[in-house]
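Open the structure in your viewer and keep the selection tool at hand. The stops below say what to select next and what is there.

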Amino acid sequence: MKLKVFLAVFACKLTIKLLRLLGRGGTAIPGKIALRICPDLLFQLAKDVKCVVVTGTNGKTTSSRIIEEIYVKAEASYFANRSGANLINGITSIFIENSTLTGKPKKENAVIECDEAASKEVCRLINPAVVLVTNVFRDQLDRYGEVSGTLENILIGIKNSPRAVVCLNSDCSLTASIAEQIPNRVIFYGVDVPIYKNPVSEVSDAPHCIKCKHEYEYSYRTFGHLGGFCCPDCGYKRPEPQVSVTDILSTELSFTKVRVQVFGEDDVITINLPGGYNIYNAVGALAVSEAVGFRRMLAKDAIASFTCGFGRMEEFDLGGHSARIILVKNPAGANQVLNYLAGLSAETVFVCCLNDNSADGKDVSWVWDANFEKLADMSELIPEIYVSGIRSGDMAVRLKYAGIDEDKLRIFDDYDELIDAMKNQSLPVIIMPTYTAMMDLRAKMSTAFGGKEFWE
Ligand SMILES: [Zn+2]
């Protein structure tokens, strides 16, 4: 057994070195090779590491970065899968990188972002100390599937995590329902008040009671299907969160200030990223911090100072004006970007990059479920909209149907031309790409304006 672990770890470390020498940051291949040699390698490597697993549809990466920042502030020894390698092969690679050749951990803790479908297997193997579930939304990848499939995968993962403290979003009727099906200690977190003054209208991904199928009633909504849900028929309702946002004090271009209540104690925190969804990411991380047992001050500092990068409100300096990249994966995410744009008071150029590679979802018709009509209302503050990506034509059609004046639209077939256009005007830019569009565009922007490669 020991020999197998050694061989697997050795092969993986060697492959990582070779890939880096070739200038490639592939994180999945080395793990795949290692798991071929030693199938239970992840279990062997993780058994002496205290892990936080972060899963759910939206917000995994940002939540993980905030939690990571708490470990930094606590000066704790930890590692994390920074590069978005959130399937079993990539996660195995990260554990190997942080192990000795004999499979002993170099760090005591790990913050692991995990894909929802992969979480059932990953949790079984690494037996996490804490699991955070951000939310369950319909993703473009399972457009014709059901959100219940995603929920089931997450539930199995948690059932495979007997010792974990589980942090659940109380405002998501799907996520909150997990609590009744597990014996674990649960910490609920949520937002007690509406976030936006005039949010985009959205199609709910979960309009009907998960238990009895009756339509939910809401005392308030934050966005999507999140908020104060209650089933008038069977009585299933939003659980009272122990960690919650009780007031939105101010929303700014680059940060949000909120009042929170943590196990009965009031405080004010500044969230170092704008956008309503980041309020959830922050308060979810705060719940994790409580679950791990960190001092509350550390979490507060981390939330006020973390940076995210990698397409999550990542900022580039175009030479006097800024560009922010906000990755979107589904209609819920796109609607949140539109809510963010609607809250801005300065003129902005909006850029949409739509791809249809398998990591983006082959079917781009999801753009019709996002409320781009909102853009037409912001006409004065958005003088130009640039469109690019493999399916730029579909995106342009969607925007025309949303009521956007054709004169405002500029279509770029080439990212170099797009980058030049963004640079040669003077307004701040908000870029909304799908996953592979983000990878391509940010690589070019990193070269042009400075930035880190994704494996660094
Ligand atoms: Zn019901």
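What follows is a tour of a predicted model, taken stop by stop.

**Stop 1: a nonpolar patch on the surface**

Start with helix H1, which covers residues 2-21, and pick out Phe6 within that helix. Phe6 is partly exposed, with a relative accessible area of 32%. Now add Leu3, Leu7, Phe10, Leu14, Leu18, Leu21 and Leu101 to the selection; together with Phe6 these residues form a nonpolar patch on the surface. The accessible area of the patch comes to about 780 Å².

**Stop 2: an enclosed helix**

Next select residues 88-97, which make up helix H5. How many of the 10 residues of H5 are buried? The count is 7, so the helix is largely enclosed by the rest of the structure. The buried ones are Gly90, Ile91, Thr92, Ser93, Ile94, Phe95 and Ile96.

Keep Ile96 selected and add Gly31. The two are 65 residues apart in sequence, yet their C-alpha atoms are 7.9 Å apart in space. Ile96 itself has a relative accessible area of 0%.

**Stop 3: the cysteines**

Select Cys114 and Cys123. Cys123 holds the cysteine sulfur closest to that of Cys114, at 6.0 Å, which is too far for a bond. Cys114 is buried, and its relative accessible area is 0%.

Then select Cys172 and Cys209. Here the gap between the sulfur of Cys172 and the closest cysteine sulfur, in Cys209, is 13 Å, again too far for a bond. Cys172 is also buried, at 0% relative accessible area. How many disulfides does a search of the whole structure find? The search finds 0. The cut-off behind that result is a distance of 2.5 Å between the two sulfur atoms.

**Stop 4: a salt bridge within one helix**

Go to helix H6, residues 119-126, and select Arg124 and Glu121. The two form a salt bridge in which the closest N and O atoms are 2.6 Å apart. They are 3 residues apart in the helix, and so are separated by about one helical turn. An α-helix has 3.6 residues a turn, so residues three or four places apart point the same way. Both partners are partly exposed: Arg124 has 45% relative accessibility, and Glu121 has 34%.

**Stop 5: salt bridges between loops**

Select Arg138 and Asp369, whose side chains meet in a salt bridge with an N to O distance of 3.3 Å. Arg138 sits in the loop between strand S4 (130-133) and helix H7 (147-159), while Asp369 sits in the loop between strand S14 (349-353) and helix H12 (373-377), so this pair ties together parts that are 231 residues apart in sequence. Add Asp205 to the selection to see a network of salt bridges that links Arg138, Asp205 and Asp369. Arg138 is partly exposed, at 23% relative accessible area. Asp369 is partly exposed as well, at 27%.

Move on to Lys211 and Glu180, another salt bridge, with the closest N and O atoms 2.2 Å apart. This pair links distant parts of the chain, 31 residues apart: Lys211 is in the loop between strand S6 (186-191) and strand S7 (217-223), and Glu180 is in the loop between helix H8 (173-176) and S6. Is each partner buried or exposed? Lys211 counts as partly exposed, at 42% relative accessibility, whereas Glu180 counts as exposed, at 56%. The structure has 21 salt bridges by the rule used here.

**Stop 6: two positive phi angles**

Select Glu75, in the loop between helix H4 (60-73) and strand S2 (78-80). Its phi is near 55°, a positive value in a residue other than glycine. Glu75 is exposed, with 73% relative accessibility.

Then select Phe263, in the loop between strand S10 (256-262) and strand S11 (265-271). Phe263 also has a positive phi, near 45°, and is likewise not a glycine. Phe263 counts as partly exposed, at 38% relative accessibility.

**Stop 7: a negative surface patch**

End at Asp413, in the loop between strand S16 (409-411) and helix H14 (415-423). Asp413 is exposed, with a relative accessible area of 73%. Add Asp414, Glu417 and Asp420 to the selection: with Asp413 they form a negative surface patch.

Terms used
Residues are numbered from 1 along each chain as its sequence is written. This is a predicted model: local features need pLDDT of at least 70, side-chain atom pairs count only at pLDDT 80 or more; totals for chains, interfaces and linings use all residues. Side-chain values use heavy atoms; hydrogens and water are left out. Patches are made of residues with over 30% relative accessible area and no salt bridge: like charges are joined within 9 Å, nonpolar side chains (Val, Leu, Ile, Met, Phe, Trp, Tyr) within 5 Å. Accessible areas come from the Shrake-Rupley method with a 1.4 Å probe; for residues, only the protein chains shown count as cover. A salt bridge is a side-chain nitrogen of Lys or Arg within 4 Å of a carboxyl oxygen of Asp or Glu. Lys and Arg count as positive and Asp and Glu as negative; His and the chain ends are not counted. The place of a charge is taken as NZ of Lys, CZ of Arg, CG of Asp or CD of Glu. Helices (H or I, at least four residues) and strands (E, at least two) are DSSP runs, numbered from the N terminus. Buried means under 20% relative accessible area, exposed over 50%, partly exposed in between (1.4 Å probe, protein chains only).
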